[in-house]
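Work through the exercises below with the sequence and the model at hand. Each task is followed by a solution in steps.

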Amino acid sequence: MRKRAVLLVALLVAAAVSLGVCGCGSPSIPEGERSELILATTTSVLDSGLLDALIERFEKSHPYRVKAVAVGSGAALLMARQGEADVTITHEPKAEVEFMQAGFGESRREVMHNDFIIVGPSDDPAGIRGMADAAEAFTRISRSGASFLSRGDASGTHAMELSVWERAGILPAGDWYRESGQGMGYTLRLAEEEGAYTLSDRATFVVLDEALDLEVMVEGDPGLLNVYSVIVTNPALFPDANVEGAREFAAFLFEKGTGDLIRDFGVDRYGRHLFYLCE
Amino acid sequence: MSGMRRHIFLPAALVTMAFLLASSCGCGEGEGRPPLLESEKRLEGMYEECRTIAISDPLGQHPDIDIEEIRRYENVDVEAVLVRSNGMEKPGVWTGVRLRDVLRGQGVEEPFVEIRIEAWDGYVARISYEMAMRPDTILAWAEDGAPIPREQGPVRLVVGSEDGFYWIHRIVRMAIER
């Protein structure tokens, strides 16, 4: 009887331990059979939570260990240009096209999109709430002297912001225009503190929305479309690149199951889609 | 409670409590504070780890160098323009030490082909020997008289002759390639 009691407790302990162990990697593919795949991507994919979900799904059925480096789009493409990344997911179409034209990539496909939004303080000093034209909204902000906080860090978000100023025909300068020089989370929190407007990708804003006293002011401008593309590094230039892994990862992004994951990601937790598939 | 039941119930209760406590730890940043993004959470510990830079070389390992030692080299101000990927230019004056002085001080033989500079977050940039030896290539800790943002680490590379992709920050390793 005593032995049976001890056995029962041991079983309970084993069950508790096995439930508490996190599932890192697939138990069906031994670690020794996985090769490293370097994926350079952007912080918005990481911060939304989608990056980890994609990697977890990919590693379950593919013999790779993905090393994800989350930096700005420009930095991710530079890594690939130097042969330091096997595959990239970025959201700076102009730089991506230049990258391909220069021969650094074997293939480029648009995977998913969301959008950029202008967010700002609820009292909306520039009166832009509900506008659908981002350039007009930027014009109103600059004329009103209301504060605008830029990322100012050469990220894809910063590049999008500058393109909107360019459309508006405005070179932003003055006390009202400041740069955070840092990532989206820091920039959003600082914008809240300073009562400033800023441009954000929707996914990152949604993740922080509940904790921030900022509101969506402008959305729906077609020019604010935020498209993410996957590029496989050109093996002709970088023979040491894990091109097989890169091709498999790129193909994986277009599998139906992955598409379902991307499309439905965030709905349970945030009540809205964070990304949409490119058709 | 009978002796047998006590043998089962008490340990099982303890195990369950331990499991519940373990599965709930580590969540949240505390009441009233905005949550950190994943990329921000992963920066925990970065600044301290970037206080020491490893230098590797096929000819033999060199001593790691920490920030205090770096700052003991001749301090210089470099006026440069940070050119960003979108073409925007940001002029400034960066304060630091010449990279070539640090490499020579650490015993790196010249010439070499390039340096593969690794950042804490996995970012890598390669700079050529010629780039590394320029007087306007420095390890900088201040910009326009103020410390560089903490997010960039204790020092960042400033390569006055090149665009911003080479201005790597959060440096943890410099690998000499020959």
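**Exercise 1.** Which residues in α6(A) meet which residues in α7(A) in this predicted model? Classify the contact and give the relative orientation of the helices.

*Solution.* Step 1: on the side of α6(A), the residues are A134(A), A135(A), F138(A) and T139(A); on the side of α7(A), they are V164(A), W165(A), R167(A) and A168(A). Step 2: sorted by class, this contact of α6(A) with α7(A) has 6 nonpolar, 1 polar and 1 charged residues. Step 3: the axes of α6(A), residues 134–144, and α7(A) come within 8 Å and cross at roughly 80°. Step 4: angles of 65 to 115 degrees count as roughly perpendicular, so α6(A) and α7(A) are roughly perpendicular to each other.

**Exercise 2.** Is W165(A) buried, partly exposed or exposed? Locate W165(A) and list its contacts beyond four places in sequence.

*Solution.* Step 1: W165(A) lies in helix α7, residues 156–168 of chain A. Step 2: 19 other C-beta atoms lie within 10 Å of W165(A). Step 3: a buried residue needs 20 or more and an exposed one 12 or fewer, therefore W165(A) is partly exposed. Step 4: W165(A) touches F138(A), I170(A) and P172(A), leaving aside residues up to four places away in sequence. Step 5: the C-alpha atoms of W165(A) and A135(A) are separated by 6.5 Å, although these residues are 30 residues apart along the chain.

**Exercise 3.** How many residues has the largest nonpolar core, and which have the most contacts inside it?

*Solution.* Step 1: the core has 106 residues, and those with the most contacts inside it are M79(A), V87(A), I118(A) and Y197(A). Step 2: at least three residues of this core come from each of domain 1 (25–113 + 227–277) and domain 2 (115–224) of chain A.

Note on methods: Residues are numbered from 1 along each chain as its sequence is written. Chains are lettered from A and ligands numbered from 1 in the order in which they are written. This is a predicted model: local features need pLDDT of at least 70, side-chain atom pairs count only at pLDDT 80 or more; totals for chains, interfaces and linings use all residues. A nonpolar core is a set of buried Ala, Val, Leu, Ile, Met, Phe, Trp, Tyr and Cys residues joined through C-beta atoms within 7 Å. Domain bounds come from an automatic or database domain assignment. Helices (H or I, at least four residues) and strands (E, at least two) are DSSP runs, numbered from the N terminus. Two residues are in contact if their C-beta atoms, placed from the backbone, lie within 7 Å. Axes are lines fitted to C-alpha atoms, for helices over the stretch in contact, and angles run from 0 to 180 degrees between N-to-C directions. Angles under 35 degrees count as roughly parallel, over 145 as roughly antiparallel, 65 to 115 as roughly perpendicular and the rest as oblique. Ala, Val, Leu, Ile, Met, Phe, Trp, Tyr, Cys and Pro count as nonpolar, Asp, Glu, Lys and Arg as charged, and the others, Gly among them, as polar.
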